[in-house]
Structure formats: C-alpha cells, structure tokens
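These are my notebook entries on a single model. I set down what I looked up, entry by entry.

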Amino acid sequence: MCLGIPGQVVQMLDGYDGQLALVDVAGEARKVNVGMLPDETLVPGDWVIIHMGFAVEKTDRAGAEQAMAGLELMGRSRDAPLPGSG
C-alpha cells in the first residue's frame, strides 16, 4: 500500500477516454485521473488511494481507513483542509 489520500468515487466523468472520475475526498468533490488503473473497473462507491491527483490504487473501506490513519500518524487531522483547497 502506498501512502496517499483516500477518496470515494462519486461518478465517472464523460469523455477523457474514461480516465477521469469525480471523487469525494474528505467531503470535497475532486476530479481525479484514474488512468493509472487501466485494469480496474471503477463505479460509484468504490474507494481509491490518490497521490498528486492520480488514483494509484483501488482499495476498500478498510484500506481507506488505514490510509487515513497513516496520515493522522503523520500529523494531519481528519478535519484539516486538503492541500489546494484553501
């Protein structure tokens, strides 16, 4: 598992050759490139780990919680604003 920010797929976006998804990241909708996961079929409700705007891993709720726990160990609280959101 890589260290990244977990998010839940809200919807796949039209166009972009199927490589862009709208993802809920800590309550904020973000466009995320999913092109690095060509062998995965993503649907609303799926969880991904995001690094620098790219989904680098498909995971489940438990994996998303582990990723968030890792971020918290490094000092980021669940309520802290996301980079680039302020």
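**Entry 1: D46.** I began with D46, whose relative accessibility of 16% classes the residue as buried, because the cut-off for that term is under 20%. I note for the record that the model is predicted. I located D46 in the loop between β3 and β4. I then looked up the contacts of D46 beyond four places in sequence and found G7, Q8, V9, T41 and K58. I also checked the side chain of D46 for polar partners: one of its polar atoms is 2.9 Å from the backbone nitrogen of V43.

**Entry 2: the charged partners of D46.** Which residue forms a salt bridge with D46? I found K58, with 3.5 Å between the closest N and O atoms. Because K58 belongs to strand β5 and D46 to the loop between β3 and β4, this pair ties together parts 12 residues apart in sequence. I recorded K58 as partly exposed, since its relative accessibility is 30%.

I next looked at E40, which also forms a salt bridge with K58; here the closest N and O atoms are 3.9 Å apart. E40 lies in the loop between β3 and β4 and K58 in strand β5 (residues 54-59), so this pair links parts that are 18 residues apart in sequence. E40 has a relative accessible area of 39% and is therefore partly exposed. I returned to the K58 and D46 salt bridge. Through shared partners, the salt bridges join E40, D46 and K58 into one network.

**Entry 3: the remaining salt bridge.** How many salt bridges does the model hold by the rule applied? I count three. Besides those already entered, I looked up E28 and R30, whose side chains meet in a salt bridge at 3.2 Å, N to O. E28 is partly exposed at 31% relative accessibility, and R30 is likewise partly exposed, with a relative accessible area of 23%. I add a general remark: side chains of opposite charge can pair when their charged atoms come close.

**Entry 4: the nonpolar core.** I turned to the largest nonpolar core and listed its 11 residues: V9, A21, V23, V25, V32, V34, L37, L42, V48, I50 and A55. Strands β2 (20-25) and β4 (47-51) each contribute at least two residues to this core. Which element gives the largest share of the core? I find that β2 does, with three residues.

**Entry 5: two valines of the core.** I looked up the contacts of V23, leaving aside neighbours within four places in sequence. They are G7, Q8, V9, V10, E28, A29, R30, V32, V48 and I50. Among these contacts of V23 are E28 and R30, the two residues I had entered as a salt bridge.

I then took up V25, which lies in strand β2. Is V25 buried or exposed? I record V25 as buried, because its relative accessibility is 5% and the term requires under 20%. I also checked the spacing of V25 and P6: these residues are 19 apart along the chain, and their C-alpha atoms are separated by 6.6 Å.

**Entry 6: the surface.** Finally, I looked for nonpolar residues on the surface. M36, M52 and F54 make a nonpolar surface patch of about 360 Å². I placed M36 in the loop between β3 (28-33) and β4, the loop in which I had also placed D46.

Methods
Residues numbered from 1 in each chain as written. Predicted model: local features only at pLDDT ≥ 70, side-chain atom pairs only at ≥ 80, totals over all residues. Heavy atoms only, no water. Core = buried A, V, L, I, M, F, W, Y, C linked by side-chain atoms within 4.5 Å. Buried < 20%, exposed > 50% of the residue type's maximum accessible area, 1.4 Å probe, protein only. Helix = DSSP H or I, 4+ residues; strand = E, 2+ residues; numbered from the N terminus. Contact = heavy atoms within 4.5 Å. Patch = residues over 30% accessible without salt bridge, like charges linked within 9 Å, V, L, I, M, F, W, Y side chains within 5 Å. Areas by Shrake-Rupley, 256 points an atom, 1.4 Å probe, with all protein chains shown as cover. Salt bridge = Lys/Arg side-chain N within 4 Å of Asp/Glu carboxyl O. Polar contact = N/O pair within 3.5 Å; in protein donor to acceptor, adjacent residues only side chain to side chain.
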